[in-house]
Amino acid sequence: MDAKTLGLKSVGNVYQNLSYDELFVHESRNKEGNISKNGTMMVDTGKFTGRSPKDKYFVKQSPSAENIAWGNINKPISAEIFDELYADVIAYISGKDIYVTDGFAGANKKTRKSVRFITEFAWQSHFVKNMFIRPQGEEMAQFTPNFTIYNASNLVNEKWEKHGLNSEVFIVFNIEKNVAIIGGTWYGGEMKKGIFTMMNYWLPLGKILSMHCSANVGKDGDVCLFFGLSGTGKTTLSTDASRKLIGDDEHGWDEDGIFNFEGGCYAKCINLSSENEPEIFGAIRRDALLENVVYDDDGVIDYNDDAKTENTRVSYPIDHIDNHEASLKAGHPKSIIFLTCDAFGVLPPVSKLTKEQAMYYFLSGYTAKVAGTERGVTEPQATFSACFGEAFLPLHPTVYAKLLGEKMEKYEVKAYLVNTGWAGGGYGVGARMSIKATRACVNAILDGSIESAEFDQTRWFRLNIPKKLAGVDTAILNPRNAWEDKEKFDATANRLAGMFIENFKKYMKNGDDFDFTQAGPKF
């Protein structure tokens, strides 16, 4: 490829769509990482071991400016500042040896997007090769990008204060020019979530629901969606040896059914074990890419060590999961599960939701951070992220909620809330739900046995909970019963209910369509 085709002034060597074996050679030759004992490439992403949401911007211009929900999530930047940064990025990349990686976002060919990544490092090419759908044969020969990301990770914006930006890091989207630029951060997830953000812009405008969820399908074609923020179990619970994995993170829902946006998975590695997560553990082999893990001189990884970050990760092509759905598509879902990691220990292990409750908890997008995961976090902190992915939603959250409600009603989808957090007390007092118990809750949903249970209702949150469920200790099904100090439970439940109520007030500005307060908790 020449410089003009790539939008650059000049180029050195252009390494386009290298094979996994070729990328491995480049990573090794460039000393970009180390090799684990079982042959998996391991890289470090420097001080950036997660996304930089405060450094993400959209160019404010017509017509996209009329669609974007501007605020703390979607921050504006002027076309003039973008042009200046874009020129800096092009000048920085031009003349260098670069890696060009092409892929598709979206398994449904009718609406998929062709995306191109131009990066400075082989491991970044490896990452996006894992994460996106890899063109085959004639698809590669005819590939023309709909959107391009230029990743100049080593370039910092020294004029950030003059530009009125948050820091020297920048991730900027120009929707009208179909381009994004990245500078100052090595974290590969910015590219993955950058395209997800764009899919969340494009698809809903065409009445297709885009979702931050995982999905799997049973032998009878019964599809289940798992919504949840990072750390709630979205990847773990959807990766099930008895069901085919459609995808672990990003999906669309159109008139044909569910389809994956990606061609790979991006799993957290902290505390990973072959016993609890055998499929993910087995996926870590040659062609996978590990990020920020701790290992010894022999390349033996300690998955329990969070010395670099608690957000240790592995990306791998989805075919590393033996039981995956090759088409990356399936029919309409039968069940939706909202996952929350409740560090307050107030929510039950599993609840059956009404349609109104489903809308309430979807818009709330609740989970909780635990003490020690971030500086200054000394006790559980409630986190509300609309639609379980507010950081990636360019449009107003109610756009996605309305689409979800319409589809749930049309296809008669049942919804459930599953708590993968604490029981018997909050963080530091109670115990974390075991994966075994959580899987028992999920299995009861999938096989339909939960529907035949006798239900009770909790007090503050008025959630319908089964009195008995196979594989789950009856003592924890009602969270209040599991607490030794009942008065403390009552005070904690009342406090969390107040947080929900306060958070949901912002949706009351949109009229009666989104007045689901009666489905939420009460003091």
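Asp302 is partly exposed in this predicted model, because its relative accessible area of 38% falls between the limits of under 20% for buried and over 50% for exposed residues. Along the chain, Asp302 has its place in strand β19, which covers residues 301–302. On the surface, Asp302 joins Asp296, Asp297 and Asp298 in forming a negative patch.

Phe388 offers a second point of reference, and here the side of the cut-off is another one: with a relative accessible area of 1%, Phe388 is buried, since buried means under 20%. The residue belongs to the loop that runs between strand β25 (381–384) and helix α11 (397–410). Between the C-alpha atoms of Phe388 and Arg29, which stand 359 residues apart along the chain, the separation is 40 Å.

The two residues can be set side by side as follows.

| Residue | Relative accessible area | Class |
|---|---|---|
| Asp302 | 38% | partly exposed |
| Phe388 | 1% | buried |

Turning to the chain as a whole, its 523 residues include a buried share of 59%, and Phe388 is one of the buried residues. The secondary structure comprises 15 helices and 30 strands, among them strand β19, where Asp302 is found.

As for overall dimensions, the C-alpha atoms occupy a box of roughly 70 × 55 × 45 Å when taken along the principal axes. The radius of gyration of the chain is 23 Å, which agrees with a compact globule, because a globule of 523 residues would have a value near 24 Å.

Conventions
Residues are numbered from 1 along each chain as its sequence is written. This is a predicted model: local features need pLDDT of at least 70, side-chain atom pairs count only at pLDDT 80 or more; totals for chains, interfaces and linings use all residues. Side-chain values use heavy atoms; hydrogens and water are left out. Patches are made of residues with over 30% relative accessible area and no salt bridge: like charges are joined within 9 Å, nonpolar side chains (Val, Leu, Ile, Met, Phe, Trp, Tyr) within 5 Å. Accessible areas come from the Shrake-Rupley method with a 1.4 Å probe; for residues, only the protein chains shown count as cover. A salt bridge is a side-chain nitrogen of Lys or Arg within 4 Å of a carboxyl oxygen of Asp or Glu. Lys and Arg count as positive and Asp and Glu as negative; His and the chain ends are not counted. The place of a charge is taken as NZ of Lys, CZ of Arg, CG of Asp or CD of Glu. Helices (H or I, at least four residues) and strands (E, at least two) are DSSP runs, numbered from the N terminus. Buried means under 20% relative accessible area, exposed over 50%, partly exposed in between (1.4 Å probe, protein chains only). The radius of gyration is taken over C-alpha atoms; the globule rule is 2.2 Å times the number of residues to the power 0.38.
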